[in-house]
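Student: I have a structure open and would like to talk it through with you. Shall we take it one piece at a time?

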Amino acid sequence: MRLIGRAHIEAVLRPAAPIVIALAAGGLILALLGRDPFAFYAQVVRRAITSQSGLQETLVLMAPLLLIAASLIVSFRAGLWNLGVDGQFLLAAVFVAAQAPGWVERMPYWVAVPALFLLAAAVGAIWSIVPALLRAYQGVNEIISTLMMTFLGLSTSALLVKTVFDDPDTAVPQTLVLPVAERLPRIADSLVHIGVPIAVIAILVVHYVMTRTSFGTRVGIVGHNPAAAHHFGLNVPRLTVGVLALSSALAGLAGAVEILGVRGVVRADWHPSYGLMVVPLVFLARFHGVVSILFVAFFAVLVIGGESASRRADLPNHFLLIMVALILLILALVERTAGRRAEAL
Amino acid sequence: MSAVEALLSATFVTAFVSGAVTAAVPLLLVGLGEQISEKAGVLNLGLEGMMLVGAYCGFALALASGSFWGGFGAGMAGGAFVAALMALLCVRFALNQIVVGIGLTLAAQGATSLAHHIQFSSTFPRLPRQPELALPLLSDIPVLGESLFTQHPFAYLSAAAIVLLAWLYRYSNVGLNLAAAGEKPAALDLAGVSVVATRCWAVLATGAFAGAGGAYLANVGAGLFVPFMTNGAGFMGIVLAMLARGRPSWVLAGALVVGLSTSLTTAVQVAGFQVPTDVVQMIPFALIIIFLVAFGRSARLPEALGRPYERGAH
Amino acid sequence: MGTAPAHERGWAPAAPSLLLSGITKRFPGVLANDAVSLALHPGEVHVLLGENGAGKSTLIGVLSGVVRPDAGSVSVRGRTVALRAPRDAIGAGIGTVYQHATLVPTLTVVENLMLGQRWSAPMRRDAAIERFETFARRLDVRIDPHAPAGDLALGEQQSVEIIKALWRGESILVLDEPTSMLTPQGVTELGRLLRRLANEGLAVLMVTHKLHEVLEIGDRVSILKRGRLVAELAPAEFKAMDRETAIATILAAMFDGGNSDAAAAGSVQPAAARGEAAPMLELAHVSTRPHGRETPLAAVSFTVAPGEIFGVAGVDGNGQQHLAEVIAGQRKASGGEIRLSGRDVTHQSVRERQALGLRFLTDDRLGEGSVGAFSVALNLVAKRVGEAPFWQRGVVRQERIDSHARELIARHDVRTPGAETPIAKLSGGNVQKALFARELSFDPQLVVYHKPTHGLDAANTRAARDLIRRRAEAGVAAVVISTELDELIELADRIGVMYRGRLIGIVPNERGAEATIGRLMTGVTGGHGAGDA
């Protein structure tokens, strides 16, 4: 199996021009705000790629993002909009954060960690059952139901952290802290924990399954043409539930990786909205696993490096959102025009 | 007095209902706006962004000029601006509506946050509280009158919008064109009406409504602007519109349910009950899920929703 | 108002209402229209005859403003008009009835008719209803203006479409293949309606690929072949010919020397007699539940012997869709039994029935029949995802799929740049060949063919029918569901007729069958031929 083929290289180079355009546009905004764009981008690169600690942080950030990307690839390929990833992520993270300290103490480490991963996957999967069944057997649009489950998930998580899972010894509502020593082992002496390679392997496995197995083919048929899926004799309801379960399990794993690898604790007010940002990345990668890795890496560089660069330029962190959005929109535009031109030939 | 007495006291109920209305109006506006887009076949995920931009523009102008009405105008213009981008990219250029919608929301979140930082850095200036308009006669009704019918004038306008839209949908050619654009755009095209133009106007109207909702949230609801202050209200509006089956009155019902539960959160705390706010916050979402389970099967979204139209492509 | 055609009443042919001059239109890879010139005169029903792929739809597109020609002009009553959009065509007085429904199903009839006004214009519903009633009287139809358009029967929908085309006072009526959904009687009625409209002074253009309609309905005949106008018969000339001469002349123009294609002329080729044997397929009182707008089945019973071709006739929308789906396993039967080779398959899935030798060639080749974005090769095995030898333990064996595809492509003459080409890029005829290839592979026992030659040109139609017949002779039983009666007469041993979800009669394919079937198609039972065989 060729991992990096010509098509992959093309898929990466194709967005190169629009990325440059978007970066230029961002640079223009910076200039208008009276900041030096070159210094800004130089700092981004310096921090996220060339600096040791920065590069490690970038890689560490990629772990949950890649798993969420894998989750979205599975669901989007089936034509299902799993917009509940943030809720699935958070709820799984909370359960893992609450159980981890105890389990790690009571079981051998190499048993506890996989068990915690399984817990996260299960919690994530369970959180999509209602939207999955509603969609599979009642035809209810999953955008609404998964969005609702996200909101419910956020509230439920906060509730759990403040009550059942609360660490009574701390003033701020949060779970028991998993000591740093018990978190996922690091590679060499860096900050990069094994969750990172696990995430990379996961998304590669997902890509393989989606492109080279009968399950992946079935998912593709449902995603491209549900009427044909029915005609071909596929059990669409069962596939729907299965796909959403797998997708949300992966989102749950992302939560586990974030807790076990980095944070070790969940505070009641914590909810990163990784899902929202990964959705467009996965779209632009055309649901291709390997290409997604590259887009996610690019995004992670922008976040880590941009954080530092923004601080230096005395801009709020959220300036990055504009950058990301610009890139997405320009990429989408270029994709479309290129696609049109190819069709007309 | 006991908790129950406190709950049923006039002041409490007044505050509770009043708070519910204040929370409901932005959702109503956003939901009504999204409904217009959806009827025309456009799934507008940039709603959250339109609302935020409207909130910021509305707040900034109201603060600078002291005019609340000017603030609403600015809010509507801001929302419409973002909507214009959406119309250009999704309707005219037929780009993927989900990618563009999320992209615009992210951009709006970043831009408003940046703008706030530039203009106010870390301060959060407040707007003076705008006097409310008490409707004659109606506001004299005990308890309810004071809360329900003593609102900022824009709230009444929003209520009027429900009636206007309902009339528009049923009795005007605009409504007919919207319905055709969402159900079977080819039919509209062949009848000689531009599908692209119809959808563009629909999206612009959505932006104006969302911007107004944002402006209301900032100026009347909170009295200030905080980055990311919409906090999912835009997505909630999308859900309300999807559930409302094309009827503006149903958007109102949904907005009130959510508004009531939001108000209930504060109310419960005031009354001294030990119910966690998170539980109360969950009520509207749980209700919607229950609604979906019970009635989801019969909900019909416009046939062409989310699909860009190209002549001759069928 | 006289009922005789205008030219018989002694009027001189009026100046043309509409003139097409030198219309040329090119699409990538095909010259759809090649310098076509056509005139429509008021008082005439002008029939444009041509095979599928001859360029008829493109010409209609030009007339309705949907397609902009590369060269040539259109003039209405002497004035050149630029038809850049449907609005221009409507403004020029051209009303078009399209082949595919253009009514919005959720809006009422009258709302559909009001569609297209300026957004700022006030909506006058009452005036519209009055207007509708006038039209309804003029066309002699009875339809509830407040009914949702989606609830109307197909024939009623077409009447509304005609009213819609004339709504704004159009004087030129263009119809694109209006008869595909009609019974033989319905075609006659349409012909009468068009005649009435022509007599009122309208210029009518009807496009079709069926020869007998030309003979029945047309005053003036033009023949389009591969984008060019190859013949035109003026009314005087055409009416002077007797039926045989007319047919011969037209066929000669269409097929370069009277290739005597049975497909075009609808000639009858009786099918060979089949022997007695245990039935291959049995339906016993099969019913289905209503779902959407399709007509459900009501206690349908019939049997099909091995190697027999059983035809199913009927106006489209009388239960054929449910019948095809329930046999294939795509739809659950709410009552009754289905037996394949004596085995009860009523509760078996699509895949299980396929494994027993049952195949289904759907009429919706691009909708449910194939996945457009997938390669031809993958589509050819799409009903066997996960099965050996193409998948081994869940993993795909691409080489096996490819070699299988190459073999089928060669055997069935599927014209495609390659096996990996996305199937949506193939022409309709080649997609159909691919679907034939798929369904007929791996030893089928019985194939349900739903409108197998719909939309195909003469050559592909011939090939498809021959294929069905050859396989039947080799023992592959067939249920052929078709709205083309001549196709069933050519292929089938016996023909059942669907009406409102019931199989109201089974007619052996012998002399006079056509007339009997035509009657049954309108629901008239009684007389010979009814009952199970």
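Student: Which residue just after α11(B) takes a positive phi?
Tutor: Happy to start there, and keep in mind that this is a predicted model. Step just past the end of α11(B) and look at the backbone. The phi there is about 50 degrees, and the residue is R245(B).

Student: Is α11(B) largely enclosed by the rest of the structure or not, and how many of its residues are buried?
Tutor: Here the count settles the matter. The buried residues include F235(B), M236(B) and L240(B), and the glycines G234(B) and G237(B) are listed too. α11(B) is largely enclosed by the rest of the structure because the number of its residues that are buried is 11 of the 11.

Student: Which helix of chain B gives the most to the side that touches chain A?
Tutor: Good one! In this pairing, 38 residues of chain B are in contact with 38 residues of chain A. On chain B, α5 (97–120), α11 (233–243) and α13 (277–295) each supply at least two residues of that side. With 13 residues, the top contributor is α5(B).

Student: And how many residues of that side of chain B, the one that touches chain A, are charged?
Tutor: The side divides by class into 27 nonpolar residues and nine polar ones. What remains is the charged group, and its count is two.

Student: Which helix supplies the largest share of the side of chain B that touches chain C?
Tutor: Here 20 residues of chain B are in contact with 19 residues of chain C. Both α8 (173–183) and α9 (185–190) of chain B supply at least two residues of this side. The largest share is seven residues, and it comes from α8(B).

How values were computed: Residues numbered from 1 in each chain as written. Chains lettered and ligands numbered in written order. Predicted model: local features only at pLDDT ≥ 70, side-chain atom pairs only at ≥ 80, totals over all residues. Contact = placed C-beta atoms within 7 Å. Helix = DSSP H or I, 4+ residues; strand = E, 2+ residues; numbered from the N terminus. Nonpolar A, V, L, I, M, F, W, Y, C, P; charged D, E, K, R; others polar. Buried ≥ 20, exposed ≤ 12 C-beta atoms within 10 Å, placed from the backbone.
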